[in-house]
Each structure stands twice: as C-alpha cells, then as structure tokens.
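User: I'd like to learn how to read surface patches and burial in a model like this one. Could you walk me through it?

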Amino acid sequence: HLKDPYKVMQRISKWLKPGGKVLICLPNVRNYHVVRDLVFRGRWEYVAAGIMDKTHLRFFTRSSCRSMVEEAGFKVCHEQMIVEGPKKGFFNRATCGLFHEFLAAQMFFVGGKMK
C-alpha cells in the first residue's frame, strides 16, 4: 500500500538503533493464482481483497523482497513463505516444498539493522 516502499525502508533504517528489527509482511505475487491468470488467461486484474487488491501499488516475490530489505541496510534474520490450508499444506509436503513459493499467498520477513 506504499507508494515507495524502498524509500520507507531507508527511513526506517535511519530511525532504528543497531540491533533494531523491522517486520515486513507482503503479498506474494508469485502465487499460483496470479501466475495462472497471467500466463493462461492473459489477465492481470485487480480485485477487492487479496494478492491483487486494488490498493496494492507494488508487487514482490521472495527474492525481490529480500533485495529490498538488504538494500535498505538490513540483514534478513527470518523469512517465511506463508502457506495456509490443509490441501496446500499437504501438497507442499508431498512435493517436498518444490512449489512452496507458488502456494504462499503472503511472505513474512524480519530485517535486523546491522551494527
């Protein structure tokens, strides 16, 4: 929902003391619903809620979120792709996590300010 999340991350980095942490939760645009609609249906449509929420201004994947955190001067202390639901959880386990990033609707990162 931020116009320039990179600039916000830079500001947060200046406000935090060494050892301080920033918590980030973002929708995962690499989710299979988004990829399916784009590749097979030629659609990139905004909706009322979810990954393609009409209010979202920027989109991230796991690697682009990690880059944003690191470029702001933080060390990634924790990252987690959030896979919810028993069917997705089962499929994720059955495929040994091969499609983990495609199943996650959100991702959670913790960045620690370097000393």
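Analyst: Happy to! Let's begin with what counts as a patch: its residues have over 30% relative accessible area and no salt bridge, and like charges are joined within 9 Å. Keep in mind that this is a predicted model.

User: Which residues gather in a patch of positive charge on the surface?

Analyst: Here the patch of positive charge brings together Lys-3, Lys-7, Arg-11, Lys-14 and Arg-58. One of them, Lys-7, sits in helix α1, which covers residues 5-15.

User: Is Lys-7 buried, exposed or partly exposed?

Analyst: The general idea is that buried means under 20% relative accessible area and exposed means over 50%, with partly exposed in between. Lys-7 has 46% relative accessibility, so Lys-7 counts as partly exposed.

User: And how far apart are the mean positions of the positive and negative charges of the chain?

Analyst: The chain carries 20 positive and 9 negative charges, and their mean positions lie 5 Å apart.

User: Now the nonpolar side. Which residues form a nonpolar patch on the surface?

Analyst: For nonpolar side chains, the joining distance is within 5 Å. In this chain Leu-38, Val-39, Phe-40, Trp-44 and Tyr-46 make up such a patch, and together they offer about 560 Å² of accessible area. Leu-38 belongs to helix α2, residues 32-41. With 44% relative accessibility, Leu-38 is classed as partly exposed.

User: What would be a good buried residue to look at?

Analyst: Try Asn-31, in the loop between β1 (21-27) and α2. Its relative accessibility is 1%, which is why Asn-31 counts as buried.

User: Which residues does Asn-31 touch, leaving aside those up to four places away in sequence?

Analyst: Asn-31 touches Ile-51, along with Glu-101, Phe-102, Leu-103, Ala-104 and Ala-105. As for Glu-45, 14 residues separate it from Asn-31 in sequence, and their C-alpha atoms are 14 Å apart in space.

User: How do I place these details in the whole chain?

Analyst: Start with the order of elements: the chain has 5 helices and 3 strands, and along the sequence they follow the pattern α-β-α-α-β-α-α-β. Next, look at contacts: among those with a separation of 6 or more, 72% are between residues 24 or more positions apart.

User: What share of the residues is buried, and what does the accessible surface come to?

Analyst: Of the 115 residues in the chain, 32% are buried. The accessible surface is about 7600 Å², and carbon and sulfur atoms account for 59% of that. Finally, the C-alpha atoms fill a box of roughly 45 × 30 × 20 Å along the principal axes.

How values were computed. Residues are numbered from 1 along each chain as its sequence is written. This is a predicted model: local features need pLDDT of at least 70, side-chain atom pairs count only at pLDDT 80 or more; totals for chains, interfaces and linings use all residues. Side-chain values use heavy atoms; hydrogens and water are left out. Accessible areas come from the Shrake-Rupley method with a 1.4 Å probe; for residues, only the protein chains shown count as cover. A salt bridge is a side-chain nitrogen of Lys or Arg within 4 Å of a carboxyl oxygen of Asp or Glu. Lys and Arg count as positive and Asp and Glu as negative; His and the chain ends are not counted. The place of a charge is taken as NZ of Lys, CZ of Arg, CG of Asp or CD of Glu. Helices (H or I, at least four residues) and strands (E, at least two) are DSSP runs, numbered from the N terminus. Buried means under 20% relative accessible area, exposed over 50%, partly exposed in between (1.4 Å probe, protein chains only). Contact means heavy atoms within 4.5 Å.
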